[in-house]
Amino acid sequence: VTFAGVGPESADSAYDETEETPRRLQTSSSARRNDPEFSRQWFLNDQTKRASGGEFFDVEAISAWQIYKPKQNVVVAVIDSGLDVNHPDMRSNLWRNTREIEGNGRDDDGNGYVDDVYGYDFTQDSGAMKDGRGHGTHVAGTIAAVPNNGQGVSGVCPNCKIMALRFLDDKGEGTWSGAIKSLEYAIAMNVQVSCNSYGSYSPNTALITAVERASRKGMLFVAAAGNDGRDNDLMPKMPGGLDLPNVLAVAAIDRNGFMAHFSNYGRKLTAVAAPGVDIYAPRPSNQYGSDSGTSMAAPVVAGIAGMLLGMDPSLTTIQVKDIIVQSAIPQSNLRVKAKGTASAFRALQIVAKSLGEDTGTNIAQPDGRPPVVVVPTLPPAPEEGTCLYKDP
C-alpha cells in the first residue's frame, strides 16, 4: 500500500478538453481570512480568477463559511503517514483522547493503546505521533488547518478535529493490516468521517470487512481515487474502488477545471471530483508547501463532509454522500458519478434549507446582483429496516 500524493507524468488523460466547461457562479468574498498564505489556497477561493472575471473551480469555501452554523465538532480520522501534532496551524484542531494522560506510559482508558492522546502510530506500536513523510500533515491541514489565527493557511472545515492514525512509514509505504488496524481504531472511537489517501490494486477481504463495519457504524469513508490515470470501473484501486455505500472516492481536478492527467476516474465507483493540483497546506516543522494528487482532493471532500455533519448531526452517511454528489457543479467533461466538482457552499445550502436556516441566497455577486442558486432537497434517510448503521 502506498500513498496517493504524486501522479505519474506519463498517465493518460482522463478528460476531453474539447467539451464545454460551464461558467461558475460568482459569489461574495466578504468572509475574509487573516491567514497570511490564504491567497495561495486557490482550491478554497481562487482570488486571481475571481478578480479577473474568469472561470474558477474552487469549492466556494468563503460563501460556505458564511452560512455554516455548526452544532458539533466533527472528528475526522486521517489514516495516513502520521501528523506533526506540534504544528502551530494544527494544534487547536487536533482530536484529543481526554481519557488518556499524555506521556505517562500507561493505558489510562483501557482500550489497549498506551498514550493514544492524538491517535496512534501503528508502524511503531506507539502513542507518540510523528510524520516523517509529511503527507499526513498536508492532508490533515487541508481538512482542518486552524483558520483566522494570523499564521499560515486555513482548512476546509473550520472546526473539525483531526485524529491521526499512522500506518504509512517514512517512505510512504504500509500494509493492509496497518490500514485495517487504523480503521478499526477509528470505528471504536465512533469517528464519523475518515480520510484515506493511499491505495493498491491488490484486493483484500479483511479490508472490505472493516469498511463494511465502518458503514454499519455510520462512518463515511472518503478515499483518493488513485494516481494512475485509469478507469476505476474497469480496474478498481483499493480502497477507493470499493463498491460500498459509505465509500466516497474522489478524483482530482486542476485550477482550470480539467481532470488532472494523473487522476483515476470512473462514472460508477468515483463519486466526485475536487481540486487536487497545487494544493497549499501545512508540512511538518512549521512548514508549508504545495502537493498534487488525489491524496489532496480527498481531504478537500472530507472537510466538506465534516461541515455537513457539523451543521446537521442527524445526517446519515448515505445522506452526506448523496448531498456531496447532488450538489456538485456540473462539468460534463469529468468522468465521475457526479459529473461535476464538489462545492462546499452548495452542499451546505441543501442542509441549511432542510433546517430552515439561511441558504446564502442573499450573498451578492461582485456587481451587486444576488446569486441565482437552485437549492436541491435533502436526500431522504434510509427507510426503517434498511439502515446500514446498526450492528447485526
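Select Asn190 to begin, which sits in the loop between helix 4 (176–188) and strand 5 (193–196), where helices (H or I, at least four residues) and strands (E, at least two) are DSSP runs numbered from the N terminus. Although Asn190 is not a glycine, its phi is positive, at about 60 degrees. Asn190 counts as exposed because its relative accessibility is 59%; buried means under 20% relative accessible area, exposed over 50%, and partly exposed in between, with a 1.4 Å probe and protein chains only.

This is a predicted model, in which local features need pLDDT of at least 70 and side-chain atom pairs count only at pLDDT 80 or more, while totals for chains, interfaces and linings use all residues. Residues are numbered from 1 along each chain as its sequence is written, and side-chain values use heavy atoms, with hydrogens and water left out.

Go next to Ser285, in the loop between strand 10 (279–283) and strand 11 (287–291). Ser285 also is not a glycine and has a positive phi, here of about 65 degrees, and with a relative accessibility of 58% it counts as exposed. Now select Met238 and Pro239, which are joined by a cis peptide bond with omega of about 5 degrees; Pro239 belongs to the loop between strand 7 (220–224) and strand 8 (247–253). As background to these stops, most residues other than glycine have a negative phi, and most peptide bonds are trans.

Is the next residue, Asn93, buried or exposed? Asn93 counts as buried, since its relative accessibility is 4%, and its place is in the loop between strand 2 (75–80) and strand 3 (119–121). Display its side chain and follow it to the backbone oxygen of Pro158, which it reaches at 3.2 Å. That pair is a polar contact, that is, a pair of N or O atoms within 3.5 Å; within protein, one must be able to donate a hydrogen and the other to accept it, and residues adjacent in sequence count only if both atoms are side-chain atoms. Leaving aside residues up to four places away in sequence, Asn93 touches a set that includes Ala144, Val146, Cys157, Asn159 and Ile162, contact meaning heavy atoms within 4.5 Å.

Then select helix 6 (residues 294–311) together with helix 8 (residues 344–355), whose axes are 10 Å apart and which pack at an angle of about 15 degrees. Axes are lines fitted to C-alpha atoms, for helices over the stretch in contact, and angles run from 0 to 180 degrees between N-to-C directions. The two helices, 6 and 8, are therefore roughly parallel to each other; angles under 35 degrees count as roughly parallel, over 145 as roughly antiparallel, 65 to 115 as roughly perpendicular and the rest as oblique. Helix 6 contributes Ile304, Met307, Leu308 and Met311 to the contact, and helix 8 contributes Ala344, Ala347, Leu348, Val351, Ala352 and Leu355.

Keep helix 6 and add helix 7 (residues 317–326): their axes come within 10 Å and cross at roughly 120 degrees, which makes helix 6 oblique to helix 7. On the helix 6 side the contact is made by Val301, Ile304, Ala305, Leu308 and Leu309, and on the helix 7 side by Val320, Ile323 and Ile324.

Finally, zoom out to the whole chain, whose secondary structure comes to 8 helices and 13 strands, and in which 61% of the 392 residues are buried.
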